[in-house]
Amino acid sequence: MAACNGNGPFGSKLEFHAIQTVMPVKPTDPRKSTRVCLSENPISGIFFRCFNVLLCYQKVASEEEDSGIASGSLVAGWIRESLGWALSEQPMLAGRLRRNQDVEGELEMVSNDSGVRLIEAQLAMTLSEFLDLKDKKKAEAELVYWEGLDREQNPQFSPLFYVQVTSFKCGGYSIGISCSLLLVDPVAMTSFLKRWRDIHVEMVSRTDVPKIPIFYRPNLRNPGPLPGLSIGSSKKAYAAKTMIFTIANKVLDLDSEIHNKFAAACIDEAEYKLGYKTAPSLNFSFLVKEPSEEVNVRNFTREGLVQKPSTTVNGIHTCSTWDDLGVTEIWFEEGNRPAHVSCWINSVPDEALVMIIPSPEKDGSGMKIVVTLPH
């Protein structure tokens with residue numbers, strides 16, 4: 001696994017130095033499973049879809065930094081430990097997608113402790129230079145590693161969750177997070193990241209912890225770049241736009257027909273706000289996260305949706321942004337808030353996405369509908 005080739009916006013400035021597998025600190029017992037129910041002929045794009053978060057942080061001056069200890073590598077070392085504890089509370093994130101052994105043709109996700117991939121990289125560029133890039137959106141994708149799921153051959157070998165820590169030459173660093181949408185939705189992932197933040201900050205602030213984590217990469221025998229590792233799935237290169245809508249609590253108990261009406265209304269609103277109309281033949285993946293945690297994926301074309309949403313749909317949905325989820329409140333060093341945050345759902349050619357996310361328990365925020373359109 002290698003230094004990056006020269007085709008991306010960073011050229012050969014981005015190098016990959018380590019790849020590790022992080023598992024829950026305690027074995028998961030009993031293991032849980034979640035059914036993934038697909039339509040008869042699912043379009044393949046849903047297996048490449050992921051929610052991406054990029055968090056960029058300035059260098060924090062400290063005694064360790066004055067001693068020449070690399071900031072990004074230090075954070076990566078502590079992340080290796082704190083993530084294991086966080087995964088013990090949410091072990092499905094360290095699980096895998098596999099074929100259901102009891103129902104032929106059906107898939108399921110199982111909390112089998114196969115682990116999260118943690119990748120450490122170095123970028124020969126300062127954080128300020130990165131933030132000033134003209135084509136920053138394309139560059140951001142190279143700081144968030146992702147590989148689509150191998151549904152046809154061996155899905156059980158494909159990680160569902162990646163973390164990439166990239167060190168800038170100024171001492172700043174970024175944390176790139178990607179997770180399959182089949183596994184977790186943006187709302188649930190943000191909630192997990194906040195809990196992970198709390199675990200991490202509490203762990204590193206204890207007086208009995210060593211100054212250097214066990215998994216500090218520069219102390220390894222061969223800290224040089226890895227040969228052969230590429231940027232990851234090129235599916236991230238396709239531009240997409242996402243809008244998030246919140247539906248009032250009074251209509252939370254919905255059947256599939258009402259789901260379609262709300263989806264049609266939100267697609268219309270997204271098209272209006274984004275300023276373009278999708279083709280009637282455009283394929284959509286319709287992903288519904290059931291309150292039971294079961295995942296249902298259906299396919300339809302734009303013209304296959306309800307053409308005229310009922311008047312009861314109009315006026316009760318509100319539009320929100322990624323910032324409203326609270327991603328700007330995630331940091332891994334006390335008081336070092338992110339200097340830059342970016343969130344996106346990756347796109348695939350000629351396919352769009354609608355996600356129905358139920359309201360969390362004891363949460364009055366209402367159901368979320370996420371619309372991602374190719375642009």
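The expected span of a helix is taken as 1.5 Å times one less than its number of residues, and helices (H or I, at least four residues) and strands (E, at least two) are DSSP runs numbered from the N terminus. This is a predicted model, in which local features need pLDDT of at least 70 and side-chain atom pairs count only at pLDDT 80 or more, while totals for chains, interfaces and linings use all residues. Residues are numbered from 1 along each chain as its sequence is written, and side-chain values use heavy atoms, with hydrogens and water left out.

The chain holds 6 helices and 15 strands. Of its 375 residues, 54% are buried, where buried means under 20% relative accessible area, exposed over 50%, and partly exposed in between (1.4 Å probe, protein chains only). Among the contacts (heavy atoms within 4.5 Å) with a separation of 6 or more, 78% join residues 24 or more positions apart.

Helix α5, residues 186–204, serves as a starting point; its 19 residues reach 27 Å from the first C-alpha to the last, close to the 27 Å expected at 1.5 Å a residue. At the N-terminal end, α5 is capped by Asp185, whose side chain places an oxygen 2.9 Å from the backbone nitrogen of Val187. The buried residues of α5 include Met189, Phe192, Trp196, Arg197 and His200, and the elements that cover its buried residues include the helix α2 (71–89) and the strands β3 (50–57), β7 (161–168) and β8 (173–180).

The packing of α2 against α5 can be described further. Their axes (lines fitted to C-alpha atoms, for helices over the stretch in contact, with angles running from 0 to 180 degrees between N-to-C directions) lie 9 Å apart at an angle of about 125°. The two helices are therefore oblique to each other, given that angles under 35 degrees count as roughly parallel, over 145 as roughly antiparallel, 65 to 115 as roughly perpendicular and the rest as oblique. Residues making this contact include Trp78, Trp85 and Glu89 of α2, together with Phe192, Arg195 and Met203 of α5.

Two residues outside α5 complete the tour. Asn336, in the loop between β12 (317–320) and β13, is buried, with a relative accessible area of 10%; its side chain reaches the backbone oxygen of Gln58 at 3.1 Å, and, not counting residues up to four places away in sequence, Asn336 touches Tyr57, Gln58, Val60, Tyr173 and Trp331. Lys273, placed in helix α6 (residues 256–274), is partly exposed, with a relative accessible area of 46%.

Conventions. A polar contact is a pair of N or O atoms within 3.5 Å; within protein, one must be able to donate a hydrogen and the other to accept it, and residues adjacent in sequence count only if both atoms are side-chain atoms.
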